[in-house]
Each structure stands twice: as C-alpha cells, then as structure tokens.
Amino acid sequence: DAYQRETEKGLKDLEDKIDTLFSAQSHLIPDESDSERQQTYSSVLDVDSHLSDLCSRLDRAGSDLDAAAERRQGWSVTGGGDPHEATVLGQIVQVLHTQQDSLLALETDSYRLETDLTMIARALQ
C-alpha cells in the first residue's frame, strides 16, 4: 500500500514537471526541425501500419496454404496426422512456417530493442 502511494506521488510529481515544462515552452514557435520530426513520425506510423497489415495478410496466406496442403496431402502442419505420411512438400512447408515464426519473433525483439535504445539516447541528450 505504501509502495502504491509512493508510486502515485512520483507519477503526480512527474506529471507536474511535464506540465510545467510544456507551459514554459508554450510561447516558442515550432521550427523546421520540429515539423520535420513530426512529419517523420507520421511516416513511421504509416509504415508501421502497412507492415502490420502485411504481416496479417502473410499470416492469413500461410494459414490458407497450410489448410490447402492438409486437404490435398492428408497431413497436418500443426502436428496432427502421421509424420511418416508427410510428403517432402509438407516438410518444406513446416520448415518455412517455423522459420517465419522465428523471424517474426526476432523482428518484434529488434523493434523493442530499437525503441529502448531510442528512449535511452533521448534521455542522455
């Protein structure tokens, strides 16, 4: 309970400092670099949205491919069925599917690391 109160007090103090900082800078006119930064940020959000959409479409396409292969070959990429009955194509699809999942996990970790490093760099400036 004391930890909660201390955390709330710390957050309130931080909010007050941020409000004071913004109030002190309210008279400043944004310069060209601020506009460029905002434009870059908007572009990054657009790219992120497009990448998320692309990942969703790739996931759906992979699922559709897996389902079609299961219907055609009588085996399951998700682990069902007899692995000895899986065809070479089925094994290739399994490997590719596993690699895609690994790459997605690496991409997610890379993005988190990049975000953390950016925040650290900003804090050090």
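**Salt bridges and a nonpolar patch**

Me: In this predicted model, which residue forms a salt bridge with D109?
Reply: A salt bridge needs a side-chain nitrogen of Lys or Arg within 4 Å of a carboxyl oxygen of Asp or Glu. For D109 the closest N and O atoms are 3.8 Å apart. The partner is R112.

Me: Which helix holds D109 and R112?
Reply: Helices are DSSP runs (H or I, at least four residues), numbered from the N terminus. D109 and R112 lie 3 residues apart, about one turn of the helix. The element covers residues 88-124: helix α3.

Me: Is R112 buried or exposed?
Reply: Buried means under 20% relative accessible area, exposed over 50%, partly exposed in between (1.4 Å probe, protein chains only). R112 counts as exposed because its relative accessible area is 52%.
The model is predicted: local features need pLDDT of at least 70, side-chain atom pairs pLDDT 80 or more, while totals for chains, interfaces and linings use all residues. Numbering runs from 1 along each chain as its sequence is written, and side-chain values use heavy atoms, without hydrogens and water.

Me: What N to O distance joins D13 and K9?
Reply: Both residues lie in helix α1, 4 residues apart. K9 is exposed at 53%, and D13 is partly exposed at 32%. Their side chains meet in a salt bridge at 3.1 Å.

Me: Which residue pairs with K12 in a salt bridge?
Reply: K12 and its partner both lie in helix α1, 4 residues apart. The closest N and O atoms are 3.3 Å apart. The partner is D16.

Conventions. Helix = DSSP H or I, 4+ residues; strand = E, 2+ residues; numbered from the N terminus.
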